[in-house]
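Me: I would like to go through a structure with you, piece by piece. May I put it up here?

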Amino acid sequence: MATVEVSTEKKAEPPQTSVPAPSKPKTITLRISRFNPSENAETKFEEFKIPVQKWTTVLEAILYVKENLDHSVAVRYSCRQASCGSCGMKINGKPRLACYTKISELESNVVTVEPMNNFPIIRDLAVDFKQLFSTHKKMKPFIINEESEVQPGAKEFIQTPQDLEKFLQFSYCIKCGLCNSACPTMATDKSFVGPQGLAQAYRYTADNRDQGKKDRLKIVDQSHGIWRCHFAGSCSNVCPKGVDPAMAIQLLRGYLLGFRK
Ligand code: SF4
Ligand code: FES
């Protein structure tokens, strides 16, 4: 006769999963600054109700509007990962990258997006970067060195970690313009070089492979140049890449004042 064995051992518990439960979507109001120079010279705000999750970024909320509610909203973006520097704008009053700002971190059910200050507006949230790029170019943002051509038998330029440390953080600039938009001097002097350009001038001047220091110092040592900075420090507060343009300006002044070689 067959026997049935009854186990008194407890069944093993299923393994605990560390995947968090999906957050409940909520609805926020996105206020977008609208300005179309070809239609109307007045800026107005338009409001949209947007479903958001914990991880929804401001850029995604704007793209939701473009895809579902109003295709005509103008916004510039590309990489969506804080690398290309295209999506700078004022978000709840502060210059930020839209792709790098989560709605949840703003802790508000109303999110207002406006174009960056101190830049001409092309349309809605898209601003004109011409001046930023031309100033950046004027700073000669490349290594100037007579021996930089690769010749047969040429050797690499040796840099110590300490040499690299002098300029490394300043090389992280993505040209997003947030620092220029936060700068109070730029607001009053349209010809000011600006924190972005000055930080780049320092980045190459401090590079021990470079021989263009004299040229760059001449460029920044003029009436709308480095001495216009009042050291408000707002540029460094808003930089999404930790560049610290305010410090770069002080270090660059050190070369001009002769206590830095
Ligand atoms: S210094 Fe910072 S805020 Fe200014 S342009 Fe570069 S990355 Fe943007
Ligand atoms: S889309 Fe490239 S930095 Fe935001």
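Me: Which helices each supply at least two residues of the shell around ligand 1?

Reply: Please keep in mind that this is a predicted model. The helices in question are helix 5, residues 178-182, and helix 7, residues 194-205.

Me: How many residues surround ligand 1, and which are the closest?

Reply: The ligand is surrounded by 13 residues. The closest are Cys-173, Cys-176, Cys-179, Cys-239 and Val-243.

Me: What is the shell around ligand 1 like by class?

Reply: Nine of its residues are nonpolar, two are polar and two are charged.

Me: Let us turn to the strands. In what order do the five strands of the open sheet lie?

Reply: The order is 2-1-5-3-4, and the pairing is mixed.

Me: Why is one side of strand 2 and of strand 4 left without a neighbour in the sheet?

Reply: Strand 2 and strand 4 (94-97) stand at the edges and each has a single partner strand, so one side of each has no neighbour in the sheet. As for the twist, neighbouring strands of this sheet are turned by 30° against each other on average, with direction ignored.

Me: Which helix packs on the sheet, and which strands does that helix touch?

Reply: That is helix 1, residues 58-68, which touches strand 1, strand 2, strand 3 and strand 5. The direction of helix 1 makes about 105° with that of strand 2.

Me: Back to strand 1 and strand 2. Do they run parallel or antiparallel?

Reply: They run antiparallel, with ten bridges joining strand 1 (residues 26-36) to strand 2 (residues 40-52). A hairpin of three residues connects the two strands. Within this pair, Lys-26 stands opposite Val-52 in strand 2.

Me: And how do strand 1 and strand 5 run, parallel or antiparallel?

Reply: Strand 1 and strand 5 (residues 110-114) run parallel and are joined by four bridges. Here Leu-30 stands opposite Val-111 in strand 5.

Me: How many bridges join strand 3 to strand 5?

Reply: Two bridges join strand 3 (residues 88-91) to strand 5, and these strands run antiparallel. In strand 5, Glu-114 is the residue opposite Lys-90.

How values were computed
Residues numbered from 1 in each chain as written. Chains lettered and ligands numbered in written order. Predicted model: local features only at pLDDT ≥ 70, side-chain atom pairs only at ≥ 80, totals over all residues. Near = placed C-beta within 6 Å. Nonpolar A, V, L, I, M, F, W, Y, C, P; charged D, E, K, R; others polar. Pairing = 2+ DSSP bridges. Axes fitted to C-alpha atoms, helices over the stretch in contact; angles between N-to-C directions. Contact = placed C-beta atoms within 7 Å.
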